Structure formats: C-alpha cells, structure tokens
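The following paragraphs offer a guided reading of one protein model. Please keep the sequence and the structure in view while reading.

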Amino acid sequence: MLEKIEAIAGAIGSQRHLRALRDGILLSMPLIIIGSFFLILGNLPINGYTDWLAKIELAPVFNKIVNGSFGLMAIIAVFGIARSLADHYEVDGVSAGVVALASFVIVTPDVEAKTGSGIPYAFVGSGGLFVAILIGLISAEIFRFFVQKNFTIKMPEGVPVAVEKSFAALIPGFMVILVWSLVYLLLGLAGVDNIHTLLTGILGKPLGALGSSLWGTLIIIALNSLFWFVGIHGANTINPVIQPIWLQNTDANRIAFQTGHALPHIITNEFMLNFVWMGGGTTIGLVICLWLFARSKNNKAMGSLSVAPGVFNINEPVLFGLPVVLNFKLLIPFVLTPMITAVITYFSMATGLVAKPAGIVVPWTMPPVISGYLATGGKISGAVIQLITLALSVGIYYPFVRSMDKAELRNEGDEQQEPTTKDSIS
C-alpha cells in the first residue's frame with residue numbers, strides 16, 4: 001500500500017506542469033520578501049511613525065517599492081512558469097517566458113485615463129495569478145510544439161547564438177501571441193471584458209473554498225503530514241495546487257494593511273508557514289521533547305542535532321534521522337499537532353484575540369515568536385499565540401516521545417548486558 005501511495009504522490013510531485021507552476025511562483029519569492037521588508041518599514045507599530053513618514057514624503061516611496069516588488073507577482077509568475085515548462089521540454093525557456101509575458105499583457109484590459117492607458121497593479125499582482133498560470137502553461141506548450149516540429153527560422157552557421165535563438169523564436173512566438181490575441185478578441189465579442197474576472201470566478205471560488213476555509217485547510221494539513229510520513233515531500237506535492245490561493249489572500253491582506261482597512265483573510269501563506277507549520281510540519285514540539293526530556297543516547301543525540309535546525313524551521317534531520325518517516329509510534333502526533341495548532345490559531349484570530357497576518361511575507365526560516373510578531377505587522381499577540389501553540393505541541397508529543405524513549409532505553413540496556421552474559425558463559 002505504501003509503495004502505491006509513494007508511486008502516486010511521486011508522480012504528482014514530478015508532473016512537469018505542476019513543477020513548472022511551483023518553480024514559476026517561487027521565482028517571485030525574492031521580490032515578495034523584499035516588498036514585505038518595506039511594508040514593515042512603512043508600518044512600524046510606533047505612535048506617530050506613519051504620520052512622520054507622510055510628513056517627510058517617504059510613505060508614498062515605500063508604497064511604490066512595495067507595489068513594484070510584491071505587486072508584480074503575476075508578471076514574474078507567467079514568465080517563470082513558461083520558462084520552467086519550456087526548459088523541461090529542452091527548448092528555449094527564456095524566449096518562451098518572454099512571449100508568455102507579452103501574451104499576459106495582451107489579454108489584460110487597459111485602464112484609460114487622460115494621461116494615457118496602462119495595466120492596473122490589481123492584475124499584475126495576485127489578482128492576475130490565475131491568468132498567469134493559464135497563459136504560462138499554454139504558451140509554453142504552443143511554443144515547444146512549433147519548435148519540436150521544426151517550424152523555426154534556420155540561420156546559417158557562424159551566426160551568434162543570441163541572434164540564432166532570436167530568429168528561432170520568431171515563428172513559435174508569433175503563433176503564441178496570435179492565439180492569445182484571438183482569445184482577447186473572442187472574449188470581447190462574447191461580452192467578456194476581463195479574463196481575470198472570468199477565471200477568478202471559474203477557478204478561484206472552488207479552490208478558494210478549499211484554501212481559505214478551516215475545513216479545507218485541515219484536509220491540506222492532514223495530506224501534507226501523510227505524504228511526509230511515507231517519505232514524500234508534502235509541500236512539493238500540495239503547494240503547486242493550493243499555494244496560489246494562499247498568496248492571493250496574502251496580497252489581499254497586504255493591500256488592506258497598506259490602506260488601513262480591515263484584513264479580509266485569516267488563512268494566508270504566512271498563516272500556514274509561520275503559525276501552523278512551525279519548525280517544519282509543527283515538529284518543533286518533537287524536537288524540544290527530544291532535546292529536553294529524552295534519556296536514551298540515540299534520542300538525546302538526535303535532540304541535540306535537530307534543535308538548531310528545528311528553530312529555523314528545518315525538520316529534515318528529525319524526519320529522516322529519528323526517524324519520523326514510517327514511524328507509526330509518532331503518526332498520531334505528527335498528523336494531529338499541526339491540525340490542532342491551526343484550529344486554535346484560526347479561532348484566536350477570528351475572535352480578535354490575535355491579530356491576523358498582515359500580508360507581510362516572512363522568510364520561512366525565521367524562528368517562531370519573531371516570525372509571529374513580524375507576520376502580524378508588529379503585534380505582540382502574533383508572538384504570544386506562537387508561544388502557546390509551541391507549548392501545546394510539546395505537550396502533545398511528550399507522552400509519545402516518553403514511550404518511545406523508554407523502549408529505546410530498554411534496547412540500549414539489553415545491548416550493554418549482552419557482552420557480559422557471553423563473557424560469564426565462556
């Protein structure tokens with residue numbers, strides 16, 4: 001059964017379109033984190049600070065930096081997705097990405113003003129993510145089809161490689177842009193003014209019901225834990241499908257935070273990374289139990305080795321070193337701990353006891369307590385709820401670790417007595 005599960009999950013995780021989607025979105029992460037830094041800098045929780053920034057005219061500069069980094073999520077994703085998929089087919093990924101980016105601009109409606117026209121930030125950020133995914137994948141498929149069928153312009157020998165690639169991309173690129181231009185024309189004739197609104201309604205609502213609701217989140221958490229339990233990278237399997245929803249929620253909170261409005265979402269990318277999966281899959285409680293309470297040599301050594309990576313949310317040492325993988329003694333706490341953490345944090349935020357994630361993307365390696373404070377826009381309640389759930393995770397893992405540790409102690413005792421017995425017989 002485990003072999004079949006591993007084969008299915010492995011096929012999902014290595015599926016080229018899902019890998020392209022994951023890699024394309026990850027390409028925008030540096031800009032998102034940089035934008036989050038300036039979002040924090042522009043909204044420090046100090047009395048009179050924001051008024052002072054406005055007075056010295058730095059507030060609009062910070063907002064411009066945030067919009068020009070965090071707010072370009074879809075633009076970066078469409079390029080990255082098309083490039084990654086084209087690279088998988090061993091065709092020119094950069095050219096495919098550039099053509100996909102041009103196609104994204106073509107299908108996105110302009111905003112007309114007296115000074116000219118342009119594309120609003122709403123469509124080049126998280127609001128355009130569904131269109132970016134669709135265009136990135138389809139554009140790369142069209143591009144590679146014409147390249148692999150040799151519908152390209154061949155240049156004579158001796159021509160520089162850059163020039164050769166540019167001419168080779170002409171016909172495939174022309175066909176990609178032609179397809180999306182026809183899509184834009186046909187949608188207009190059908191009375192659909194905005195492809196972003198159309199796709200958000202078709203794809204966003206069902207996925208949003210899964211990724212933005214507590215019950216859907218609990219299903220995702222359980223699947224992630226079960227994949228890891230059988231040795232499969234849970235995030236690589238699940239995130240390509242659901243992370244776009246979390247990132248959209250993050251960006252919606254970011255925009256609300258910038259403008260001083262109520263934050264619309266609880267479940268965001270930061271809710272999952274910083275509040276649910278502390279220590280990586282909420283295994284930080286396990287690591288602390290091993291470090292503080294284990295008495296057997298093996299478990300004490302594993303606690304000492306894994307506590308430092310665990311604080312920085314790296315849990316592979318304990319997952320594969322203890323191990324947690326295929327260790328049925330730890331299956332119950334491994335699945336239940338992140339689910340219980342999610343429920344407690346969700347209701348704490350829903351009732352207003354804890355501040356919601358403010359749309360600030362905190363690096364996933366940021367230690368707990370600090371990450372909670374930063375992710376909520378400098379609210380102490382974000383750090384406090386992490387301390388509470390961290391203590392709870394230790395309490396959940398403790399009886400299981402103690403039971404496992406006692407068995408390990410007995411084994412170590414048997415190994416020490418065995419040579420003595422042999423010596424006495426001889």
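The model shown here is predicted. A suitable place to begin is the lining of the largest pocket, whose residues fall into 13 nonpolar, 10 polar and 3 charged. In total, 26 residues line this pocket, and the space within it amounts to about 720 Å³. Nearest to the centre of the pocket lie His233, Ala235, Asn239, Leu273 and Trp364.

Which helices supply at least two residues each to this lining? They are α2 (16-26), α3 (29-41), α13 (214-229), α14 (234-259) and α15 (269-276). Of the contributions to the lining, that of α14 is the greatest, with 4 residues.

Two of these helices, α13 and α14, also pack against each other, and their arrangement deserves attention. Their axes lie 9 Å apart and form an angle of about 160°. Angles over 145 degrees count as roughly antiparallel, and α13 and α14 are therefore described as roughly antiparallel to each other. The crossing of the two helices is left-handed. On the side of α13, the contact is formed by Ile220, Leu223, Asn224, Phe227 and Trp228; on the side of α14, Gly234, Ala235, Thr237, Ile238, Ile242 and Trp246 take part. Sorted by class, the residues in this contact comprise 8 nonpolar and 3 polar, with no charged residues. Ala235 thus appears in two settings: it is named in the contact between α13 and α14, and it is listed among the residues nearest the centre of the largest pocket.

A second helix pair may be examined in the same manner. Helix α7 (residues 93-107) and helix α11 (residues 170-189) have axes that come within 9 Å and cross at roughly 15°. Because angles under 35 degrees count as roughly parallel, α7 is roughly parallel to α11. The crossing of α7 and α11 is right-handed. From α7, the contact draws on Val99, Ala102, Ser103, Ile106 and Val107, while α11 provides Gly173, Val176, Ile177, Trp180, Ser181 and Tyr184. The contact of α7 with α11 contains 8 nonpolar and 3 polar residues, and no charged ones.

The loops between helices hold several features of the backbone. Where is the residue Pro323 placed? Pro323 lies in the loop between α18 (316-321) and α19 (331-350). The peptide bond that leads from Leu322 to Pro323 is cis, and its omega is near -5°.

Two further loop residues have a positive phi although neither is a glycine. Asn150, in the loop between α9 (129-148) and α10 (161-168), has a phi of about 65°. Val369, in the loop between α19 and α20 (370-375), has a phi near 80°. Helix α19 therefore serves as a landmark for the reader, since it borders both the loop with Pro323 and the loop with Val369.

Definitions and conventions: Residues are numbered from 1 along each chain as its sequence is written. This is a predicted model: local features need pLDDT of at least 70, side-chain atom pairs count only at pLDDT 80 or more; totals for chains, interfaces and linings use all residues. Side-chain values use heavy atoms; hydrogens and water are left out. On a 1 Å grid over the protein atoms alone, a cavity is a set of points where a 1.4 Å probe fits but cannot get out, and a pocket is an open set with protein on both sides within 12 Å along at least five of seven lines; lining residues have an atom within 4 Å of a point. Grid points are joined across faces, edges and corners, and a volume is the space filled by probe spheres set on the points. Ala, Val, Leu, Ile, Met, Phe, Trp, Tyr, Cys and Pro count as nonpolar, Asp, Glu, Lys and Arg as charged, and the others, Gly among them, as polar. Axes are lines fitted to C-alpha atoms, for helices over the stretch in contact, and angles run from 0 to 180 degrees between N-to-C directions. Angles under 35 degrees count as roughly parallel, over 145 as roughly antiparallel, 65 to 115 as roughly perpendicular and the rest as oblique. A crossing is left-handed if the near helix is turned anticlockwise from the far one by less than a right angle, and right-handed if clockwise. Contact means heavy atoms within 4.5 Å.
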